[in-house]
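This report walks through the strands and helices of one model, beginning with a sheet and ending with a pair of helices. Please keep the sequence and the structure in view while reading.

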Amino acid sequence: LADEKDLHIAEEILDYLRLFSQDLLLTGSGEWQWLQANKQREFIRTLQSMNKINLATNLANMFILDATYGYVSPSFQDANERHDDVKSNILCNIDTCIEFTQLKDISCISIPSNTGNPFGYFCDGKVVLPDTPRHYYYASNIHRLLEENHIQPLIIEIGGGYGGLCLQLHKVFSSQCKVINIDLLPALITAYYFLKKHDVSVQFISNSSLTELESGTIYLYPACDIRMMSDNSQFMNPHLIFNSRSMCEMSFDSCMDYITLINRSKPNFFYHENSNFLLYPNSKRHIELMSNQINDKLHCLKLHSQYLTPFTGGSGRYREYIFQSINK
């Protein structure tokens, strides 16, 4: 059941949603157009209803309902159908995280069970979500890239989902970073709830509402305004832009909007993990952009490194790429 904090968060979310027309809840492209219409339908209907109690109840159970479908891999529904395989994958990913990040305490990647009713590996009364070992790994890699030269770095994440990486960045940088998460409106709602439940400073922003970015705060920016973001000087020269597994799932036009942002903003680093071959070559809806289509359109950046992702998922099609400013 939703508690008082859930109801308060839901009320803040509804205040934000009143700034938008309901059409903007359904602006996904590529694979995400289908997912919003078919797999997130009930959550989006809940948002459209503007009912505080229903929204709070949905968010209090978001990891086992359709609110986070597509943001957690695998989803709760898929995990129930492949219980043993999912359990094995989570344990493998925890081991991988320990090996590649020197993680000492598994509590760093676990969350309380009252945070959206999470599923995954239960340990000491908390839960390791399926994607959290990977999020901690990304955050650790980003910290290594930035720790030598940058204090309180500005990091932009494209497609941050429910805020899993945002939370890990907040922890790894000891709150001494500014993070902007750009995503579809339903995703920003889940991220706001998730981060608020962890008592992280988080704000919804837009071009018109943005003032000076503060360290220790995570900012949520709607993808429907991405073209205006590319023209805003306050977003120029971020220390790093990051994307994991979603640019390849967008339509070509949507992906190009983000590539335009990357090229105009001139980050020190662009770090992304996307597909390099088609998993469903005969699919009419699941048409993925290949990593080389993304990489070939990056200007003012040079390839720093590329390698296979060490984590499970995606049938082995994901690769990690780190690009660096040519001036560095």
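## The antiparallel sheet

In this predicted model, three strands form an open sheet in the order β1-β3-β2, and their pairing is antiparallel. The edge strands are β1 (111–112) and β2 (121–123), each of which pairs on one side only.

Strand β3 (residues 126–128) runs antiparallel to β2, and three bridges join these two strands. Within this pairing, C123 has K126 in β3 as its bridge partner.

## Strand β4 and its partners

Strand β4 (residues 154–158) is mostly covered, with five of its five residues buried. In a regular strand, side chains alternate between the two faces of the sheet. In β4 both faces are covered, since L154, I156 and I158 on one side and I155 and E157 on the other are all buried.

Five bridges join β4 to strand β5 (residues 178–183), and the two run parallel; here I158 has I182 in β5 as its bridge partner. Strand β8 (residues 240–244) also runs parallel to β4, to which it is joined by four bridges, and in this pairing I158 stands opposite N243. Together with helix α8 (residues 164–172), the strands β4 and β5 make a right-handed β-α-β unit.

## Strand β7 and its partners

Strand β7 (residues 217–222) is likewise mostly covered, as six of its six residues are buried. The buried residues are T217, Y219 and Y221 on one side and I218, L220 and P222 on the other, so that both faces of β7 are covered.

The link from β5 to β7 consists of five bridges between strands that run parallel, and I182, already met as the partner of I158, stands opposite Y221 in β7. Strand β6 (residues 201–204) is joined to β7 by four bridges, again in a parallel arrangement, with S201 opposite T217.

## The contact of helices α1 and α9

Two packed helices are described by the angle between their axes and the distance between the axes. For helix α1 (residues 4–17) and helix α9 (residues 185–197), the axes come within 10 Å and cross at roughly 145°, and the crossing is right-handed.

On the α1 side, the residues in contact are K5, D6, I9, E12, I13, Y16 and L17, and they meet L185, L188, I189, Y192, Y193, K196 and K197 in α9. The residues of this contact divide into nine nonpolar and five charged, with no polar residue among them.

Definitions and conventions:
Residues are numbered from 1 along each chain as its sequence is written. This is a predicted model: local features need pLDDT of at least 70, side-chain atom pairs count only at pLDDT 80 or more; totals for chains, interfaces and linings use all residues. Side-chain values use heavy atoms; hydrogens and water are left out. Axes are lines fitted to C-alpha atoms, for helices over the stretch in contact, and angles run from 0 to 180 degrees between N-to-C directions. A crossing is left-handed if the near helix is turned anticlockwise from the far one by less than a right angle, and right-handed if clockwise. Contact means heavy atoms within 4.5 Å. Ala, Val, Leu, Ile, Met, Phe, Trp, Tyr, Cys and Pro count as nonpolar, Asp, Glu, Lys and Arg as charged, and the others, Gly among them, as polar. Two strands pair if DSSP finds at least two bridges between them. Buried means under 20% relative accessible area, exposed over 50%, partly exposed in between (1.4 Å probe, protein chains only). A crossover is right-handed if, with the strands pointing away from the viewer, the path from the first strand over the helix to the second runs clockwise.
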